[in-house]
Amino acid sequence: MEVEILNSTSLARSKGETCIICDKEKTIGIHLYTSFICVECENEITSTQTSDEKYKFFLEKLRRVKNPPLYS
């Protein structure tokens, strides 16, 4: 039997994280700095042509990676 020690990181992974693109809680994806992008959004971003209107949407969402929100 395998036992995992629960810490804040493993607990967050089991619950999921909020994707910065679709704003939905997902469990599988990638991290850019401190931001999380789910696999579905990652695939959509990489397959979108630069001439597509959705490309501008992705650029706006990805700007949040560069400028994380400030919490007071």
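Strand 3 (residues 29-32) and strand 4 run antiparallel, and 4 bridges join them. Two strands are said to pair if DSSP finds at least two bridges between them. Within this pairing, I30 of strand 3 has I37 in strand 4 as its bridge partner. The two strands form a hairpin with 2 residues between them, and here Y33 takes a positive phi near 55 degrees. Helices and strands are DSSP runs numbered from the N terminus, with at least four residues of H or I for a helix and at least two of E for a strand.

Before going on, a word about what you are looking at. This is a predicted model, in which local features need pLDDT of at least 70 and side-chain atom pairs count only at pLDDT 80 or more, while totals for chains, interfaces and linings use all residues. Residues are numbered from 1 along each chain as its sequence is written, and side-chain values use heavy atoms, with hydrogens and water left out.

Let's step back to the whole chain. The protein chain holds 3 helices and 4 strands, and reading along the sequence gives the pattern α-β-β-β-β-α-α. Of its 72 residues, 19% count as buried. Buried means under 20% relative accessible area, exposed means over 50%, and partly exposed lies in between (1.4 Å probe, protein chains only). The chain exposes about 6,100 Å², and carbon and sulfur atoms supply 54% of this area. Such areas come from the Shrake-Rupley method with a 1.4 Å probe; for residues, only the protein chains shown count as cover. Among contacts with a separation of 6 or more, 23% are between residues 24 or more positions apart, where contact means heavy atoms within 4.5 Å.

Now return to strand 4 and look at its side chains. In a regular strand the side chains alternate between the two faces of the sheet. Here S35 and I37 point one way, F36 and C38 point the other way, and all of them are buried. S35 counts as buried because its relative accessible area is 9%. Leaving aside neighbours within four places in sequence, S35 is in contact with I20, I30, R64 and V65.

Which residues make up the largest nonpolar core? This core has 9 residues: C19, I20, I21, F36, I37, C38, C41, F58 and V65. Strand 4 and helix 3 (53-66) each supply at least two of these residues, and strand 4 gives the most, with 3. A nonpolar core is a set of buried Ala, Val, Leu, Ile, Met, Phe, Trp, Tyr and Cys residues joined through side-chain atoms within 4.5 Å. In soluble globular proteins, nonpolar side chains tend to be buried together. One core member, V65, touches I20, L32, Y33 and S35, not counting residues up to four places away in sequence.

The hairpin also has a nonpolar side on the surface. I30, L32 and Y33 make a nonpolar surface patch of about 330 Å². Patches are made of residues with over 30% relative accessible area and no salt bridge; nonpolar side chains (Val, Leu, Ile, Met, Phe, Trp, Tyr) are joined within 5 Å, and like charges within 9 Å. I30 is partly exposed because its relative accessible area is 30%.

Finally, follow the charged side chains. The structure holds 5 salt bridges, each being a side-chain nitrogen of Lys or Arg within 4 Å of a carboxyl oxygen of Asp or Glu. One of them joins D23 and R64 (3.3 Å, N to O). This pair links distant parts of the chain, with D23 in the loop between strand 1 (17-18) and strand 2 (25-26), and R64 in helix 3, 41 residues apart. D23 counts as partly exposed at 44% relative accessibility, and R64 does too at 34%. D23, K61 and R64 are linked in a network of salt bridges.

Another salt bridge brings together the side chains of E44 and K54 (3.4 Å, N to O). E44 sits in helix 2 (residues 39-47) and K54 in helix 3, 10 residues apart. Within helix 3, E60 forms a salt bridge with R63, the closest N and O atoms being 2.5 Å apart. E60 and R63 are 3 residues apart in this helix, so about one helical turn separates them. E60 is exposed, with a relative accessible area of 51%, whereas R63 is partly exposed at 45%.
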